[in-house]
Amino acid sequence: LTLSAPIKSDSNTWTFYTDSDWVGNREEQNKCRSQLGFLATLNEAPVIWKSTTVIRQHPHASMDNLDIMPPALSVGEGETYAATAGIMEFMSVSYINSEAHLDDFPQPMIINMDSTVAESFMKNSCLKSKMKHIDVRQTWVRTIRDASIAVPRHIKSEDNLADIFTKILLKIAFVRIRDKLMWSTVYH
């Protein structure tokens, strides 16, 4: 089977979420690092997701010595890192989509986030940014924004499905997000 033209489908809906929890896990082994998470769904089914700690790059640190890498210094930094990591992964899915000759990937990607700091930074609507400590990711997010690859959309925290990857939730919130991701309502 060879495909010469992209397959158009109006029925597919992609949704993208990013989130970060700034120093919410104060356990000793976490070393006050922020937790970031991202999620992409296709027709409400999870396609790609990740949960990891935010590790700032440091010029004198190596991957062999992660202990000297400091945690994120602000909520905005953690949320911008989460947006950066998510957008990079979402772009890889867009490349796969393109190579499969599918023509249903949104452009620009609308990134659902609950951080007004990262959102205003991404939209370039803040008058003066104090986030110079974010290193290269700050420039990368601007480049993605200026190329219209991704744009932020503010959502309420309780509507951010990436919350399940970033913090320990109360049972009711966990079950609500879990059921949405696992399509539990479909089977009841």
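Student: A salt bridge here is a side-chain nitrogen of Lys or Arg within 4 Å of a carboxyl oxygen of Asp or Glu. So which side chain of opposite charge is nearest to D21?

Tutor: A word on the model before that. It is predicted, so local features need pLDDT of at least 70 and side-chain atom pairs count only at pLDDT 80 or more, while totals for chains, interfaces and linings use all residues. Residues are numbered from 1 along each chain as its sequence is written, and side-chain values use heavy atoms, with hydrogens and water left out. Now, D21: the nearest is K167, 4.6 Å away, and D21 has no salt bridge although it is buried. Buried means under 20% relative accessible area, exposed over 50%, and partly exposed in between (1.4 Å probe, protein chains only). Lys and Arg count as positive, Asp and Glu as negative, and His and the chain ends are not counted.

Student: Which residues does D21 contact, leaving aside neighbours within four places in sequence?

Tutor: S34, Q35, T166 and K167, with contact meaning heavy atoms within 4.5 Å. D21 itself sits in strand 1. Strands (E, at least two residues) and helices (H or I, at least four) are DSSP runs numbered from the N terminus.

Student: OK, the sheet. What's the strand order?

Tutor: 3-2-1-4-5, in an open sheet of 5 strands with mixed pairing. Strand 3 (45-53) and strand 5 (150-154) are the edges: each has a single partner strand, so one side of each is left without a neighbour in the sheet. Two strands pair if DSSP finds at least two bridges between them.

Student: How many bridges join strand 2 to strand 3?

Tutor: 8, and the two strands run antiparallel. One of the residues involved is F38, whose bridge partner in strand 3 is K50.

Student: Switching to the core. Which residues touch the most other members of the largest one?

Tutor: F16, I87, F90, M109, I111, M122 and A150, out of 23 residues. Helix 1 gives the largest share, 8 residues. A nonpolar core is a set of buried Ala, Val, Leu, Ile, Met, Phe, Trp, Tyr and Cys residues joined through side-chain atoms within 4.5 Å.

Student: What does M122 touch, beyond four places in sequence?

Tutor: I87, I111, M113, V141, R145, A150, V151 and P152. There is also a second, separate core of 9 residues, including Y17, L39, A162 and I177.

Student: Last one: F174, buried or partly exposed?

Tutor: Partly exposed, because its relative accessibility is 37%. F174 lies in helix 4 (residues 171-182) and, neighbours within four places aside, contacts I164 and L169.
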